[in-house]
Amino acid sequence: MTRARVANVEDALAIARIYCAAADRRTARAEDYNEGIADRLATFETEPRTADDITRGLRERAQRWPTVVVEREGRVIAWASASEYRARACYAGVAEFSVYVAREARGTGAGRAAMDALVSECEGRGIWKLLSRVFPENEPSRKLLAKVGFREVGTYRRHGRLDGEWRDTVIVERLIGEAAR
Ligand SMILES: CC(C)(COP(=O)(O)OP(=O)(O)OC[C@H]1O[C@@H](n2cnc3c(N)ncnc32)[C@H](O)[C@@H]1OP(=O)(O)O)[C@@H](O)C(=O)NCCC(=O)NCCS
């Protein structure tokens with residue numbers, strides 16, 4: 001059975017494994033490192049994160065900005081989270097989001113379940129827009145986001161450098177809640 005729910009600090013290890021790093025830097029092996037980061041397809045992030053980093057983030061942000069996880073057979077296989085876009089008051093209802101699925105669970109509906117749950121949780125908190133930037137070559141992400149109602153706004157050219165290479169990013173947005181009506 002697959003179900004999505006709001007994350008809590010007990011999920012930090014699973015989130016870190018999927019996104020990022022081994023739980024403990026001292027015992028981290030290369031293959032434990034962030035499945036998302038290692039691919040170089042999902043994010044400009046290059047630093048692995050520990051479960052402690054994730055726990056801190058959840059504690060500091062969870063009241064305003066939700067993180068959701070998707071469980072299957074009792075195991076966390078995906079997560080999605082929203083975070084502040086800009087500190088200005090006019091952007092109070094705009095959130096950036098991330099979504100990551102464990103490698104072995106990709107293509108089985110977990111990403112869609114995570115995004116659906118994140119949208120619903122954000123709507124309940126009065127957030128009116130979700131946005132993100134996606135690498136143009138990240139077809140799975142672009143496909144998923146199109147399927148769950150995101151619009152591609154345009155492309156930032158040479159928006160960042162990863163491993164010394166220029167990378168473009170596609171901006172995606174979806175109006176939710178009151179703004180979508
Ligand atoms: C992008 C990602 C989150 C997609 O999640 P997923 O669980 O594999 O996607 P789902 O199985 O829920 O698929 C949702 C839809 O997207 C489509 N899709 C997903 N992966 C696809 C692929 N590789 N090729 C074509 N379509 C794809 C599916 O067909 C599905 O549409 P459908 O329900 O109408 O069939 C996942 O591949 C991932 O974690 N990638 C690494 C991290 C990343 O890139 N995150 C996004 C950063 S912005």
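This report walks through a predicted model of a protein chain with a bound ligand.

**Overall make-up**

The protein chain has six helices and seven strands. From the N terminus, the elements run β-α-α-α-β-β-β-α-β-α-β-β-α. The chain holds 181 residues, and 43% of them are buried. It exposes about 10,000 Å². Carbon and sulfur atoms supply 46% of that area. Contacts often link distant parts of the sequence: among those between residues at least 6 apart, 63% join residues at least 24 apart.

**The sheet**

Seven strands form an open sheet. Their order is β1-β2-β3-β4-β5-β7-β6, and the pairing is mixed. Two strands stand at the edges: β1, residues 2-6, and β6, residues 151-162. Each has a single partner strand, so one side of each is left without a neighbour in the sheet. From one strand to the next, the twist averages 25°. In general, strands of a sheet pair through backbone hydrogen bonds, either parallel or antiparallel.

Helix α1 covers residues 12-19. It lies across three strands: β2 (67-72), β3 (75-84) and β4 (94-101). Its direction makes an angle of about 85° with β3.

**The β6-β7 hairpin**

Edge strand β6 pairs with β7, residues 165-175. The two run antiparallel and are joined by eight bridges. Within this pairing, R161 stands opposite W166 of β7. L162 has E165 of β7 as its bridge partner.

β6 and β7 form a hairpin with two residues between them. One residue in the turn is D163, which has a positive phi of about 50°. D163 is not a glycine. It lies in the loop between β6 and β7. Its relative accessibility is 55%, so D163 counts as exposed.

A second positive phi occurs at R158, also not a glycine, with a value of about 45°. R158 lies within strand β6 itself. At 48% relative accessibility, it counts as partly exposed.

**Two buried positions**

A114 belongs to helix α4, which spans residues 110-124. Its relative accessibility is 0%, so A114 counts as buried. Beyond its sequence neighbours within four places, A114 is in contact with V68, V70, W79, A80 and V99. W79 is 35 residues away along the chain, yet the C-alpha atoms of A114 and W79 are separated by 6.0 Å.

S81 sits in strand β3. With a relative accessible area of 10%, S81 is buried. Setting aside residues up to four places away in sequence, S81 touches R61, P66, T67, E96, F97, S98 and L118.

**A loop residue beside the strands**

R86 is found in the loop between β3 and β4. It is partly exposed, with a relative accessible area of 44%. E96 is 10 residues from R86 along the chain. The C-alpha atoms of R86 and E96 are separated by 9.2 Å.

**The ligand**

There are 17 residues around the ligand. V101, G107, G109, G111 and N138 come nearest. The table gives three distances, each from an oxygen atom of the ligand to a polar atom of the protein.

| Residue | Protein atom | Distance to a ligand oxygen atom |
|---|---|---|
| G109 | backbone N or O atom | 2.7 Å |
| R112 | polar backbone atom | 2.8 Å |
| K147 | side-chain N or O atom | 2.9 Å |

Taken alone, the ligand exposes 920 Å². The protein buries 76% of that area.

**In brief**

Seven strands make an open, mixed sheet. Helix α1 lies across β2, β3 and β4. A hairpin of β6 and β7 includes edge strand β6. The ligand has 17 residues around it, with G109 among those that come nearest.

Definitions and conventions:
Residues are numbered from 1 along each chain as its sequence is written. This is a predicted model: local features need pLDDT of at least 70, side-chain atom pairs count only at pLDDT 80 or more; totals for chains, interfaces and linings use all residues. Side-chain values use heavy atoms; hydrogens and water are left out. Two strands pair if DSSP finds at least two bridges between them. Helices (H or I, at least four residues) and strands (E, at least two) are DSSP runs, numbered from the N terminus. Axes are lines fitted to C-alpha atoms, for helices over the stretch in contact, and angles run from 0 to 180 degrees between N-to-C directions. Contact means heavy atoms within 4.5 Å. A residue is near a molecule or strand if one of its heavy atoms lies within 4 Å of it. A polar contact is a pair of N or O atoms within 3.5 Å; within protein, one must be able to donate a hydrogen and the other to accept it, and residues adjacent in sequence count only if both atoms are side-chain atoms. Accessible areas come from the Shrake-Rupley method with a 1.4 Å probe; for residues, only the protein chains shown count as cover. Buried means under 20% relative accessible area, exposed over 50%, partly exposed in between (1.4 Å probe, protein chains only).
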